[in-house]
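Trainee: Please take a close look at one chain of this model. I would like its fold and its contact side in one account.

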Amino acid sequence: MLKVEQLTVSYGDRTILNNVSFELMTGEWLMIVGPNGAGKSTLINAITGSVAAKGRVFFEGKDVRTMKARELSRGVGVLSQSHYMGYAFTVEEVVRLGRYAYAPTIFSRHSGEEQAVRAALEKTGLYEQRRQSVLTLSGGELQRTFLAQTFAQDPKLLLLDEPTNHLDLVYQKQVFELIRDWLKQKDRAVISVVHDLSLARAYGTRAMLLDKGQVVVDGTMSKVFSDDVLNRVYHMDVRDWMTQMLAQWKET
Amino acid sequence: MLFAAAAVLTLLLSVCVGSVSIPFRTTVSVIWRGVWGLPQMEGTAPAILLTSRLPRVLAVMLVGASLSLCGGAMQGLLKNPLADGSTLGVSSGASLGAVVAIAFGVTIPGMPFAGTMVMAMVFAFCSLLIILGLAYRLDFSLSTNTIILIGVIFSMFASSIMSIVITFSGEKLRSITFWTMGSLQGTNYRNVLVLLGALVLFGGVILWHARELNAFAVGEENARHVGVNVRRVKLILLIAVSGLIGVCVSIGGTIGFVGLVTPHMVRLLVGPNHKRLLPASLFAGGVFLMLSDLIARTLLNPKELPIGVVTSIIGAIAFVYIYGSSRKGR
């Protein structure tokens, strides 16, 4: 579905992402992990063309740089980690923007628009709140609103940049479960940047560990989450730390 | 529809009321006869209405509608409630052109009264080229911060040059001061046609991009994610807003507050969706400026106040009242 070839991003003399290449197949949920400054979010931005990058990215065989904005957004959806809302749009208005790429002009409405918007609102449990102002939503509800927008967009590939970074446990679980359900559909794939290694292990089907802009390991969960690799990149005994954390829960 | 009906009623009211009040029925009759080329009734009413008041009121309505539409568009595009059509700096450029024309008595051969207007338009266009050229050179992505920063810097630069010109303007100082405070006194049907043409062309482009403005108002990054060609749309809208503002400033001078406050008021009533906000702002801006003009020319009759002074006073009070009411209602 996605092929990334030698992607490199530099700001002046500083190289943020260095020769990153990988392929993504249908049905995969690729977890991109790594310490701060590893280039994880930059990789997501470089794939969508939001930052200038060397190298090439192919989505379903097409070079994304040659694709029009609408065409790309019909195939690739992006969910950012946080959203600042300035105006009192309703939940439905924000979700409806997800259908922008399907209706060519202001007067035309894609035949499946109403259905797609309603389905996205229902799937994310926001149908009853559809007329509510987004300024009155909690952080979790706002993130679900934008997830609903992405679902309404109906892309094949979903790129998530730390989607639950500011959310409490309940919303973290909700968002990840919703994405897992979404991935069960035909011809779907997900790439997400995740800080929390436990979440990455629990939901990913494959992982890529980045450090200093380079791919350290890309492969199965057991290969990437091996002790020596993690300890080397994070400069600490990751397993020991995780076990200590879990032990607290077992004791109580 | 409600806003459109209010605009028509305000238009008729503004035409009726003035230093010489003309009954409503006579006003409608004179305008009707004028539109269809029928023989006019006796007396001074046709002359007052058709040659003086109607073109002025129409120009006022179109300028108000244009300024308000531009304000609504800029507030959405830049996701900044403090933005308006003048944020980009083009209106300062246009003002500079007009001040130069008044100070040095620039005239156009065959069109002795059009010098100020044409100079303002030329300067507005040149300002747009300079501002966008600089913005591109400094930041290829045309980011919001770069646009605002360059707009502010350019406005300050243009104001400085304007101050120098005013310093050496001698006996033209009074005309310049009056013009900078905004006035639509003495506007004619030619001005109305130019304003209408600009509103149809540039305003049409702005209205056509209501969905994209919704996406920008949610967030530029989000707009890109849902498929908006961010750089292209931003450039189109900036050119449309600048073109419309340039024409308005060239005819009516600097009229503040309309573009900033009217979209705010309308947003509180119809919400932030630009499909409703922009058409409502268009009519509300027309109503607001027509009422301001009515006050400007009748309050201290026979003296006339600069319209910009009235818009600022009314706008500030109305805004505080509506904003306060909306917060109580929450």
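Mentor: Here is chain B, taken from overall build to contact side. The model is predicted: local features need pLDDT of at least 70, side-chain atom pairs count only at pLDDT 80 or more, and totals for chains, interfaces and linings use all residues. Residues are numbered from 1 along each chain as its sequence is written, while chains are lettered from A and ligands numbered from 1 in the order in which they are written.

Start with the fold. Chain B has 14 helices and zero strands. Both are DSSP runs, numbered from the N terminus: helices are H or I with at least four residues, strands are E with at least two.

Now the overall dimensions. The C-alpha atoms of chain B fill a box of roughly 65 × 50 × 35 Å along the principal axes. The radius of gyration of chain B is 20 Å, which agrees with the value near 20 Å for a compact globule of 330 residues. That radius is taken over C-alpha atoms, and the globule rule is 2.2 Å times the number of residues to the power 0.38.

Next, burial. Of the 330 residues in chain B, 49% are buried, meaning 20 or more other C-beta atoms, placed from the backbone, lie within 10 Å of a residue's own.

Last, the contact side. 20 residues of chain B are in contact with 20 residues of chain A; contact means C-beta atoms, placed from the backbone, within 7 Å. On chain B, α9 (210-218) and α10 (220-225) each supply at least two residues of that side. α9(B) gives the largest share, six residues.

Note on methods
Two residues are in contact if their C-beta atoms, placed from the backbone, lie within 7 Å. A residue is buried if 20 or more other C-beta atoms lie within 10 Å of its own, exposed if 12 or fewer, and partly exposed in between; C-beta atoms are placed from the backbone.
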